[in-house]
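Please look over the structure shown here, and then read the report that follows, which goes from the whole chain to individual residues.

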Amino acid sequence: MDWITSGLSPLYTLGVNIWNLILSFCLGKGLSTPESFSPSAWAYVNNFLYPFFQAIAATMLNLFFYIGICRQVGNLRESMTLETGVNILIKVILGNLGINSVMLFSKWVFEITGTTGSVMLSTGEFKGIEQGVLDSVQAMVHMIVGIIFLVVAIVCSATVFITIFSRSVQLYMLAAVGPLAISCIPGGPGIQNAAGAWIKTLLTKSLSIVIIAIFIILVSKFDLTDFFAENLLTDIVLPTRCIQNMFMMMLTAAGVKGADSFMKQTFGI
């Protein structure tokens, strides 16, 4: 009996260790700024991609300036006045300032969201899932449940890993192409919406890590043992802790995956 349980029940322990390891690693990396997340990738963005798109944006700024003037002159309902010309010039100045300030603004947003998420995790006392103590009967059940638990742990861990790391890659891309979006400001209605879309996307991707940290803390506070405490048969036959941990892993993976949707639906960004 002992050699059977000792040979198969470690699958459950392996699943717990995989989940705790991947989640801790992803949160540690995901809460860091892109500059510290991958210094080599950030150096490539800061030294090559950003200056490259910044040079293109400078040319596009002049192009959209002429487009804005032509659209205003071609508007037969409204005449070209001094106020209109000054308005377009102000947009050009703001666009030029924005092109040269995109990197500073992006780094400022990254630092705020990373610090906020770290504070949330440190004050929330997050420790991951616990294995719990198993008796001999529950250890026998783990011969079957442990395989299912390991599969669930791998799938949920992969979901969290891909979601958080893809978010970090998107932050690099947003910082790099920011000047292109800001250069659209003088283009007038319709074209200038690209700048607002870029700012909304940057805020959504940056603030989503705070939502992820809060969600993970809230899920870790759940305790389902009270739902099974009154049923003695359930406590004997089913490993309550294993069921609770599977539920927490699936709920956490779903929350991490839907953080962007939560931000868009709640705050409209």
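## An overview of the predicted model

Read from one end of the sequence to the other, the protein chain follows the pattern α-α-α-α-α-α-α-α-α-α-α-α, and this agrees with a count of 12 helices and 0 strands. The model is a predicted one. Of the 269 residues in the protein chain, 41% are buried. Among contacts with a separation of 6 or more, 86% join residues that lie 24 or more positions apart. The protein chain exposes about 14,400 Å², and carbon and sulfur atoms supply 70% of that area.

## The nonpolar cores

In soluble globular proteins, nonpolar side chains tend to be buried together. In this model the largest nonpolar core has 30 residues, and those that touch the most other members are Trp19, Ile129, Phe149, Val160, Ile212, Met246 and Met249. At least two residues of this core come from each of helix 2, helix 7 (136-182), helix 8 (193-220) and helix 11 (240-257). Apart from this core lies another, of 26 residues, which includes Phe37, Leu49, Ala176 and Trp198.

Which residues does Met249 contact, once its neighbours within four places in sequence are left aside? They are Trp19, Ile129, Phe149, Val152, Ala153 and Cys156.

## Helix 12 and a salt bridge

In helix 12 (residues 259-267), the buried residues are Ala259, Asp260 and Met263. They lie on the same side of helix 12, because the arc that they cover around the axis is only 105 degrees. After helix 12 comes Gly268, whose phi is positive, near 70 degrees.

Side chains of opposite charge can pair when their charged atoms come close. The structure holds 1 salt bridge, and in a salt bridge the side chains of Asp260 and Lys205 meet at 2.5 Å, N to O. Since Asp260 belongs to helix 12 and Lys205 to helix 8, the pair ties together parts that are 55 residues apart in sequence. Asp260 and Lys205 are both buried.

## Residues in a loop and on the surface

Is Ser183, in the loop between helix 7 and helix 8, buried or exposed? Ser183 is buried, because its relative accessible area is 0%, and buried means under 20%. Not counting residues up to four places away in sequence, Ser183 touches Ala57, Met60, Leu61, Phe64 and Ile99.

Ile99 also has a place in another pair, since its C-alpha atom and that of Ala58 are separated by 7.7 Å, although the two residues are 41 residues apart along the chain. Ala58 itself lies in helix 4 (residues 39-73).

Phe25 is found in helix 2 (residues 10-30), and together with Phe161 and Ile162 it makes a nonpolar surface patch of about 280 Å². The table sets out the relative accessibility of three residues discussed above.

| Residue | Relative accessibility | Class |
|---|---|---|
| Phe25 | 41% | partly exposed |
| Ala58 | 39% | partly exposed |
| Ser183 | 0% | buried |

Phe25 and Ala58 count as partly exposed because their values of 41% and 39% fall between the cut-offs, which are under 20% for buried and over 50% for exposed.

Definitions and conventions. Residues are numbered from 1 along each chain as its sequence is written. This is a predicted model: local features need pLDDT of at least 70, side-chain atom pairs count only at pLDDT 80 or more; totals for chains, interfaces and linings use all residues. Side-chain values use heavy atoms; hydrogens and water are left out. Patches are made of residues with over 30% relative accessible area and no salt bridge: like charges are joined within 9 Å, nonpolar side chains (Val, Leu, Ile, Met, Phe, Trp, Tyr) within 5 Å. Accessible areas come from the Shrake-Rupley method with a 1.4 Å probe; for residues, only the protein chains shown count as cover. A salt bridge is a side-chain nitrogen of Lys or Arg within 4 Å of a carboxyl oxygen of Asp or Glu. Helices (H or I, at least four residues) and strands (E, at least two) are DSSP runs, numbered from the N terminus. Buried means under 20% relative accessible area, exposed over 50%, partly exposed in between (1.4 Å probe, protein chains only). Contact means heavy atoms within 4.5 Å. A nonpolar core is a set of buried Ala, Val, Leu, Ile, Met, Phe, Trp, Tyr and Cys residues joined through side-chain atoms within 4.5 Å. The arc is that of the directions from the helix axis to the C-beta atoms.
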